[in-house]
Each structure stands twice: as structure tokens, then as C-alpha cells.
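The following exercises are to be worked with the sequence and the coordinates at hand. Each task is followed by a solution in steps.

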There are 6 protein chains.
Amino acid sequence: MSEFNTDLPSIRKVQGYTKDKNSVEIKLLTNDLLLGTIIWQDPNCICLQDPNNLQILIWRHSIAFIRPK
Amino acid sequence: MSEFNTDLPSIRKVQGYTKDKNSVEIKLLTNDLLLGTIIWQDPNCICLQDPNNLQILIWRHSIAFIRPK
Amino acid sequence: MSEFNTDLPSIRKVQGYTKDKNSVEIKLLTNDLLLGTIIWQDPNCICLQDPNNLQILIWRHSIAFIRPK
Amino acid sequence: MSEFNTDLPSIRKVQGYTKDKNSVEIKLLTNDLLLGTIIWQDPNCICLQDPNNLQILIWRHSIAFIRPK
Amino acid sequence: MSEFNTDLPSIRKVQGYTKDKNSVEIKLLTNDLLLGTIIWQDPNCICLQDPNNLQILIWRHSIAFIRPK
Amino acid sequence: MSEFNTDLPSIRKVQGYTKDKNSVEIKLLTNDLLLGTIIWQDPNCICLQDPNNLQILIWRHSIAFIRPK
């Protein structure tokens, strides 16, 4: 059921966060809660820039939810 | 086996919750229990509006169950 | 390997529980153990009615096992 | 990569346990360790009969390993 | 993205461990750390022989990593 | 949605870490945090060389995130 189609609301929501450089929290299945801004997404991953400008490559399959901070 | 077909009972159940603005609880594989109303669903995600009007983008693969609150 | 084919023993077993209104326990990957009767199944979910007549929409990917109670 | 092909060693190993009624332990991703004999397998599940003759329908996606007891 | 193609480095690495009867540690998503030698692999499973000569059928989807011991 | 296409930013990011022999941290769904340099990737796995020159074969499905160390 997973699809990387830029017409889908879920993909567009993440595009919006990227374009607007919104601070977001990403909760992972490990229970880590990562804070930062999204730099890009592709079919496998979302790349998050954290407050120390470190780029974190997050696998989609490990994401539980994303919310604005 | 996962399918996003609007004739399926599981997809229609979530459509019903969305249309009727029912309060629901969504239990995740992280053991988080999120409360809110569902705004939309697509093949990847369900978007939940929480009691503070924050929009939470929840990945389907992380959902254990949904029940009315 | 997951398939929703009503000839498969696993799908028929759940159909049997549904038709006979057997009390079942569903163990989830979250370690929740849910009790109730199964009302329907589709390719994504199993819908369980709990002892308070609450309908719980359970995602198949989160199920560890089902056993009669 | 998951396949239900009766020529595969993993499918045949489980067929062997079933035919010979070997006692096995099945470790799940929930960390449950279930003991019993395997009655059948299909593409979705393995059905285990426990020492109390209760039939437990175990989803393949939740299995970590199987070993003889 | 999972593939069982004997030209892939990951499949060949496991073939190497099998042929050379190297002692390996297999870490599972349950956090179990299993020790032994790999006897065979197929698209679903890796079969490990533990120090007591017990054969453990490990599902690929539950493997986090393999390293030489 | 998972794809092993060398044009994708996520695959190229890992290629960059490999080529440049950057120290990275790989966080797994088991909550292990592995440190090392990436030697190769294929559709199933990423091979990490740890500080003791031990090669660890990490399954992609178990990866939560990768970040430079």
C-alpha cells in the first residue's frame, strides 16, 4: 500500500514541511523523538537536519509519526 | 495484502470516523496512544488532529488499532 | 507472502471464529492482549467487538497470534 | 522475498515438523515463546496446537525463530 | 527491495559463512543474540546450528545483523 | 515503496559515506547504535566495518537511521 506519488496528501504534507522549513518532531518505532527540519524525501528515506546541522537519514519503515513542533 | 480500496470495510470504517468527526484513539506499535479526530487518510498515512489542533501524520505501518473514544 | 484468499486455512479459521461468534484473544506486537468476538476481516484489518461492544479495528500487520478464549 | 513454495527448505522444514508431530518452540517478535506441535501452515500463518490442545493461529510476520524442543 | 539473488553481496556473504563454517552471532529484533554456524539460507529463512547441534530456523524479517564471532 | 536505485538521494547518500569512509552511527530497531564505516550496500543489507575491523552485515529492514559521527 506504500506509494511515493507526489499527488498523495502524505507526500505533499512532507513537501510542505520541507519547503516551509518547519520544525518537526519525528517519532520512530525505536521510540526516539527526533527534532529538526526536513531537507528532502525519497521513496526510502526522509532526511532531517537537526539543531546541530547534522543530517540524519531516517528510514520510512521506522517512522511512527511526524508532527509540527 | 495491504490495499487502499475505498470499497474495503477497513477503509470505509476510517472514512466514517472522518466524516462523522468521531473522537478516536489510535494505538501505535511504539505503544503511544494518540487521541483526536481523523482528517484524512491516504495509502501511506492517516492524519489525526489532536485536542490542541495539531496535525499528526501517522504512518499506517505503525498502527496497531483504532477504536472510538 | 500475505494473501487474502478465502480458500486459505488461516482466512477460513478467522471466518469460522466470526460465524460462530467465538470469544478470542488477539495478541498484538505491542504486547496488548485484546478479548472479544470477530465481526469481520478484510485484507488490511480484523474488526473485534470487545466485551463493552466497542468495535476495535486491528491492523493485520500488528497481529502476533489469535487463540480461542 | 517471502515465498510460499513447497520446494523451499524453510517450508519443507516446517512440513517435516508437522508430519513428525515434533514438539517445537516458536519465538515471536513480542518475545513470547510458544510451545506445541505444528498442525498446518499456509502463506499467512502457522497453526500451533499447545499442550492444552488449544489451537493458536500465529502470523508468520511475527515469528523470530522455530526450534525443536 | 528484498531479493534472493545469489549474485548479491549480502547473499554471497552468508554463503561464505556457510561454506567456511564460521561461527557467527545473529542479532534479532527481539534482541536475542544467537550463536552458531549457518547451515543453509533460502528466501524466507536462515538455518543456524547452535553449539548444542540444535537447528534454529530464523526468519529473515526478524534479523537485525550478523557478525563473525 | 523501497527501491534500490542508484539515482535516489538515499542510496547516493550511503554511497557518499562509503566512498569518503566517513564514520557513521547506525541506529537499529533493536535500539543498538553501531559505529563504523560503510563498506558496501546492496538491496538487502548495509555492511559496516566496526572499529575492531569486524564486518557487520546489517539488514535494511532493521535500520531506523544513519547519521555521521
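Two strands pair if DSSP finds at least two bridges between them. The model treated here is a predicted one.

**Exercise 1. Describe the surroundings of strand E1(B): its burial, its partner strands and the hairpin it enters.**

Step 1. Begin with burial, for which the cut-off is under 20% relative accessible area. Five of the five residues of E1(B) are buried, and the strand is mostly covered.

Step 2. Sort the side chains by direction. Val24(B), Ile26(B) and Leu28(B) point one way from the strand, while Glu25(B) and Lys27(B) point the other way; all of these are buried.

Step 3. Identify the partner strands. E1(B) pairs in the antiparallel sense with strand E2 (residues 33–41) of chain B over four bridges, and Ile26(B) has Leu34(B) as its bridge partner in E2(B). E1(B) also pairs with E5(B), again in the antiparallel sense, over five bridges; here Val24(B) has Pro68(B) as its bridge partner.

Step 4. Examine the turn. Four residues lie between the strands in the hairpin of E1(B) and E2(B), and Asn31(B) adopts a positive phi near 75 degrees there.

**Exercise 2. Determine which residue forms a salt bridge with Glu25(B), and whether each of the two is buried or exposed.**

Step 1. Locate the partner. The side chain of Glu25(B) meets that of Lys69(B) in a salt bridge, with an N to O distance of 3.4 Å.

Step 2. Place both residues in the chain. Glu25(B) belongs to strand E1 (residues 24–28) of chain B and Lys69(B) to the segment after strand E5 (63–68); with their positions 44 residues apart, the pair links distant parts of the chain.

Step 3. Compare with the cut-offs. Glu25(B) counts as buried because its relative accessibility is 11%, and Lys69(B) counts as exposed because its value is 63%.

Step 4. Look for the corresponding residues in other chains. In chain D, Lys69(D) and Glu25(D) form a salt bridge at 3.4 Å, N to O. In chain A, Glu25(A), Arg67(A) and Lys69(A) are linked in a network of salt bridges. Over all chains, the structure holds 18 salt bridges.

**Exercise 3. Characterise the contact between chain A and chain B.**

Step 1. Establish its extent. Chain A contributes 23 residues and chain B contributes 22 residues. The two chains bury about 1,900 Å² between them, of which 64% is on carbon and sulfur atoms.

Step 2. List the polar interactions. Eleven residue pairs are in polar contact across the interface, both residues being at pLDDT 80 or more. One salt bridge is counted between the chains: Lys27(A) meets Asp32(B), with the closest N and O atoms 2.6 Å apart.

Step 3. Assign the chain A side to its elements. Helix H1 (9–19), strand E1 (23–28) and strand E5 (63–68) of chain A each give two or more residues to the side that touches chain B. By class, this side has 14 nonpolar, four polar and five charged residues.

Step 4. Check for strand pairing between the chains. E5(A) and strand E4 (residues 55–59) of chain B pair in the antiparallel sense over two bridges, with Ile66(A) opposite Leu57(B).

**Exercise 4. Identify how Asp32(D) and Thr30(D) relate to chain C.**

Step 1. Take the charged residue. Asp32(D) forms a salt bridge with Lys27(C), the closest N and O atoms being 2.6 Å apart. Asp32(D) lies in the loop between E1 and E2 of chain D and Lys27(C) in strand E1 (residues 23–28) of chain C, so the pair joins two chains. Lys27(C) is buried, at 9% relative accessible area.

Step 2. Take the loop threonine. Thr30(D) lies between strand E1 (24–28) and strand E2 (33–41) of chain D. Among the residues it touches are Leu28(C), Leu29(C), Asn31(C) and Ala64(C). With a relative accessible area of 6%, Thr30(D) is buried.

**Exercise 5. State which residues Arg67(F) contacts beyond its sequence neighbours.**

Step 1. Position the residue. Arg67(F) is part of strand E5 (residues 63–68) of chain F and, at 21% relative accessibility, counts as partly exposed.

Step 2. Separate the contacts by chain. Leaving aside neighbours within four places in sequence, Arg67(F) contacts Leu54(A), Gln55(A) and Ile56(A) in chain A, and Val24(F), Glu25(F) and Leu33(F) in chain F.

**Exercise 6. Find how far apart the nearest C-alpha atoms of chain A and chain D are.**

Solution. These two chains do not touch, and the distance is 14 Å. Chain C and chain F likewise have no contact, with their closest C-alpha atoms 14 Å apart.

Technical notes. Residues numbered from 1 in each chain as written. Chains lettered and ligands numbered in written order. Predicted model: local features only at pLDDT ≥ 70, side-chain atom pairs only at ≥ 80, totals over all residues. Heavy atoms only, no water. Contact = heavy atoms within 4.5 Å. Buried area = accessible area lost by both parts, 1.4 Å probe. Salt bridge = Lys/Arg side-chain N within 4 Å of Asp/Glu carboxyl O. Polar contact = N/O pair within 3.5 Å; in protein donor to acceptor, adjacent residues only side chain to side chain. Nonpolar A, V, L, I, M, F, W, Y, C, P; charged D, E, K, R; others polar. Buried < 20%, exposed > 50% of the residue type's maximum accessible area, 1.4 Å probe, protein only.
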